[in-house]
Amino acid sequence: MRSFVCFGAVLCAATVAIAHDGVMNKSVLTRMETMTEFKEITKTLGRIGSGADEWDPKKVEITMQALTAAAARVVPEFEANERDPKDRAADTIWTSWDDFVSTANGFETTVSEMDVSSAKALAVSVSALGDGCKTCHKAYRVRK
Ligand code: HEC
């Protein structure tokens, strides 16, 4: 199935692989793309929270929806023990799966509790969000 998908989308897969440093496992790429989306979202919200970008409630709302959706994808995207020589996922994700799930669920709670009612509130919330990223990375992302 995977090779069939790649066969039909060689160019596309190659482009994505370059963006993620030679990763060829499609499931690994998918979860990395979710992480890249987290990074972009955090940057967008951070810029609005700090005042670098103007206050834009509609943009905040849409970005929060994307963040909520991405956070909900973490558990399903990591569930299968898919590996790639270039990935940075710790083995303990799968050997301590229940703990990984509760870390991901805790992150979803952090996201759902973000106060985005003003730029000032957003700045505080983005900082809590960043702590949520770090908590999981510390436990489940290996340094390379
Ligand atoms: C529940 C755990 C968890 C949470 C929460 C989490 N991450 Fe990750 N993140 C990981 C793991 C595990 C990897 C390594 C994945 C791999 O290499 O297969 C990773 C990788 C990444 C990467 C590298 C992606 C790549 O292309 O190699 C970025 C960037 C990233 N995370 C950003 C974030 C940001 C920003 C947040 C918070 C908004 C976040 N992550 C929240 C577990 C998490």
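To begin with a definition: Ala, Val, Leu, Ile, Met, Phe, Trp, Tyr, Cys and Pro count here as nonpolar, Asp, Glu, Lys and Arg as charged, and the others, Gly among them, as polar. By that division, the shell around the ligand holds 12 nonpolar, 6 polar and 5 charged residues. Please bear in mind that this is a predicted model.

Let me stay with the ligand for a moment. Of the 23 residues that surround the ligand, those that come nearest are Met35, Phe38, Asp87, Cys133 and Cys136. Which helices supply at least two residues each to this shell? They are H3 (26-50), H6 and H7 (119-140). The largest share is that of H3, with 8 residues.

I turn next to one residue of H3, namely valine 28. Is valine 28 buried or exposed? Valine 28 has 22 other C-beta atoms within 10 Å, and 20 or more is the criterion, so valine 28 is buried. Leaving out neighbours within four places in sequence, its contacts are Val23, Glu82, Asp84 and Asp87. Glutamate 77 stands 49 residues from valine 28 in sequence, yet their C-alpha atoms are 8.3 Å apart in space.

Now to the interior. In soluble globular proteins, nonpolar side chains tend to be buried together. In this model, the largest nonpolar core has 8 residues: Leu67, Ala71, Val74, Phe78, Ile93, Phe100, Ala104 and Phe107. Helices H4 (57-79) and H6 (97-112) each supply at least two of these residues, and H4 gives the most, with 4. Another core, of 7 residues, lies apart from this one and includes Val60, Met114, Val126 and Leu129. As for isoleucine 93, residues up to four places away in sequence being set aside, this side chain's partners in contact are Phe78, Phe100 and Tyr140.

Finally, I would like to consider H6 itself. Its 16 residues, at 1.5 Å a residue, should span 22 Å, and the end C-alpha atoms are indeed 22 Å apart, so the two values agree. Within H6, the residues Phe100, Ala104 and Phe107 are buried. Why do we place these three on the same side of H6? The reason is that they cover an arc of only 55 degrees around the axis. On the other side of H6 we find Asp98, Ser102, Thr109 and Ser112, which are exposed. The buried residues of H6 are covered by elements including H4, H5 (92-95) and H7.

How values were computed. Residues numbered from 1 in each chain as written. Predicted model: local features only at pLDDT ≥ 70, side-chain atom pairs only at ≥ 80, totals over all residues. Core = buried A, V, L, I, M, F, W, Y, C linked by C-beta atoms within 7 Å. Buried ≥ 20, exposed ≤ 12 C-beta atoms within 10 Å, placed from the backbone. Contact = placed C-beta atoms within 7 Å. Near = placed C-beta within 6 Å. Expected span 1.5 Å × (residues − 1). Arc of directions from axis to C-beta.
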